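Visitor: Hi, I'm new to this one. Can you put it on screen and walk me through it?
Guide: Sure, here it comes.

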Amino acid sequence: MAGPILTVADLAVAIAGRRVVDGISFAVKTGETLAIVGESGCGKSMTAFAIMRLLPQAARISGGAVLFEGRDLARIAESEMKALRGNRISLIFQEPASSLDPLMTVADQLIEAINAHKPASHSEAAAHALAMLRAVGIADPARRMRQYPFELSGGMCQRVMIAIALACRPSVLLADEPTTALDVTIQAQILELMKRLRSETGTSIVLITHDMGVVADMADRVLVMYAGRIVEEAAVDDLFQAQHHPYTMLLMRSVPRLDAPPKRALPVIEGTVPSYAALGTGCRFASRCPFVSEHCRAEEPPLRQIAPGRATACWHHERVAAAGMVPA
Amino acid sequence: MTAQPMSIAARPHRPRRLTQFLARHEAWPILPFAVILAAFVFMAVAASGLAPLEPTKQSLLSRLRPPGFTSSAGFVYWLGTDELGRDLLSRIIFGARVSLAVAFLSVCASGVVGTALGLIAGYYRGWVEIAIMRAVDIMLSIPAILLAIITVAVLGPSFFNLIIVLGFTRWPRYTRVAYGQTLGVANLAFVTAAKLGGAGDALILARHILPNIIGPMIVVATLEFGLMVLFEAGLSFLGLGIQPPTPSWGAIMSVGRNYVGTAWWITVFPGLCLFLLVLSINLLGDYTRDRLDPRSIQR
């Protein structure tokens with residue numbers, strides 16, 4: 001694999017002066033799938049929207065850089081960004097049903113996206129749109145082209161969204177919980193589709209999810225986020241093998257297991273994510289952490305590299321990793 | 001239980017043919033009013049062909065004659081004559097043209113301006129939103145008729161000034177509704193998705209947001225249309241709207257007021273027309289709202 005196609009360095013996003021995303025750094029290589037996991041409100045989606053420069057009005061990028069094709073997306077003019085967005089770097093959303101304009105046919109929406117970046121004659125654009133629908137596995141694409149979003153199922157809408165996102169062959173695709181709103185069989189189909197398109201086109205994928213099953217299935221590397229920061233980074237197999245941050249460990253334990261005795265209470269992570277207003281000086285996970293010490297409350301642990309391609313932000317990562325080996 | 005269960009899901013979404021539309025029972029009560037409105041529109045459009053006489057042709061020898069009066073030449077004045085001996089029927093027919101033209105043009109003017117401002121306020125937010133919406137609050141707190149009187153006093157009464165006045169006083173209604181609707185639509189994912197597709201603000205507003213809020217805007221416009229007919233009549237009645245000798249229902253009634261003891265028909269017939277026109281517009285407006293908002297059917 002070649003060098004990174006997308007590099008995020010020390011990215012921070014602020015809402016009303018509070019840093020909801022803080023010091024996020026990662027690199028995505030060509031053809032790689034990087035998963036960002038974490039619970040709701042930890043800043044996963046904010047990170048994706050910041051990269052695309054589509055943050056809601058109240059939020060803004062307050063620091064850091066997003067390097068893509070030799071440019072810093074955090075600094076270039078909106079007109080330059082407009083030329084890249086949806087063209088070289090694209091995004092698919094959580095809610096497939098509301099991501100399509102209810103008053104436009106599938107064909108019109110696809111053609112609009114194609115024409116925005118690669119102006120073509122109407123018949124060329126329509127042919128391209130048809131080919132895209134076929135590529136994302138929609139049966140009878142010619143009929144679907146003429147339909148409105150309300151005539152499609154959720155999975156079908158998500159396929160159309162993927163077709164729109166990939167219509168201009170972007171080199172990076174950000175997928176913000178693409179399967180959350182779908183039932184499990186459709187979820188499997190969509191993930192299968194994304195894998196197939198990745199191998200066909202070499203597109204890098206940044207997959208944002210809270211589903212460890214999706215991570216195991218899709219990702220090459222994983223970033224675990226907690227309260228706006230990266231707490232652990234590892235290759236996917238290493239992460240499932242051993243966790244070096246207590247949050248990751250507890251997150252893994254809270255996934256239901258087929259081999260667990262039935263009717264046993266599912267382990268949960270006690271407490272809630274601290275509000276961004278209440279963040280003190282220490283580790284953000286300290287209030288919920290079983291390994292907490294004085295050091296943790298006094299000083300926030302930095303993200304440190306502990307092995308090649310593996311980093312964690314915990315003072316006691318060795319203790320955590322050792323504890324993880326013992327079955328809970 | 002005498003109420004019949006009504007299946008909403010079973011009804012076709014959009015009737016394909018007029019006969020199919022008429023076959024549905026809930027369309028029947030509205031039909032007479034649609035016919036009345038169509039008749040008034042036809043009257044306005046074909047006024048010069050329909051009116052038996054010139055609306056401004058005076059005949060001082062036959063002033064204030066009652067309905068059904070027949071002149072020595074054998075001409076029947078079906079609705080009588082006014083204080084200058086003009087045929088009331090002809091004046092009412094031409095008056096429909098004035099009423100509908102003023103109402104239509106002022107609704108267009110205020111609707112376009114108001115909707116555009118509402119879209120901008122709801123989409124861009126920030127100081128633009130504050131400026132536009134505070135202006136709306138100010139406009140809505142000024143008595144409309146007073147504002148109209150002041151504006152006419154400055155500009156002088158004429159057909160186009162009347163439209164400008166009505167457009168100027170009525171735009172905030174549209175802005176309020178368009179603003180609220182835009183706030184709801186602008187945050188939906190498909191708007192972000194359109195940005196993702198490289199669409200600019202103008203394209204997003206025109207292609208994605210406007211079509212999604214046009215239903216409520218049409219409802220506001222129909223209700224405003226009836227109000228505009230009344231406003232035109234009211235301002236003309238006060239002498240601030242259409243000037244004589246151009247026939248306007250409000251102006252005819254205003255003059256008729258002086259003769260109401262001896263020549264009741266001069267006020268009654270234009271008043272009746274005004275009542276029927278505004279009633280049919282309002283009922284059709286309500287019906288449109290029910291059709292465009294499926295939730296209100298169940299209420």
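Visitor: How do β1 and β2 of chain A pair, and over how many bridges?
Guide: Strand β1(A), residues 4-15, pairs with β2(A) in the antiparallel sense, over 8 bridges. This is a predicted model, by the way.
Visitor: Which residue in β2(A) is the bridge partner of A14(A)?
Guide: R19(A).
Visitor: What order do the strands take in that sheet?
Guide: β2-β1-β4-β5, all in chain A. These 4 strands form an open sheet, and the pairing is antiparallel.
Visitor: And which strands stand at the edges?
Guide: β2(A), residues 18-29, and β5(A), residues 71-72. Each has a single partner strand, so one side of each has no neighbour in the sheet.
Visitor: What holds paired strands together?
Guide: Strands of a sheet pair through backbone hydrogen bonds.
Visitor: New topic. What domains does chain A have?
Guide: The assignment gives domain 1, residues 4-219, and domain 2, residues 243-325. Their centres, taken over C-alpha atoms, are 30 Å apart.
Visitor: How many residues does each give to the contact?
Guide: Domain 1 of chain A gives 6 residues and domain 2 of chain A gives 5. On the domain 1 side, 3 are nonpolar, 1 is polar and 2 are charged.
Visitor: Now the chains. How many residues of each are in contact?
Guide: 14 residues of chain B contact 21 residues of chain A.
Visitor: Which element gives the largest share of chain B's side?
Guide: α8(B), with 6 residues. Both α8(B), 189-196, and α9(B), 201-237, give two or more.
Visitor: What classes are the residues on that side?
Guide: On chain B's side, 7 are nonpolar, 5 polar and 2 charged.

Notes: Residues numbered from 1 in each chain as written. Chains lettered and ligands numbered in written order. Predicted model: local features only at pLDDT ≥ 70, side-chain atom pairs only at ≥ 80, totals over all residues. Contact = placed C-beta atoms within 7 Å. Nonpolar A, V, L, I, M, F, W, Y, C, P; charged D, E, K, R; others polar. Pairing = 2+ DSSP bridges. Domains from an automatic or database assignment.
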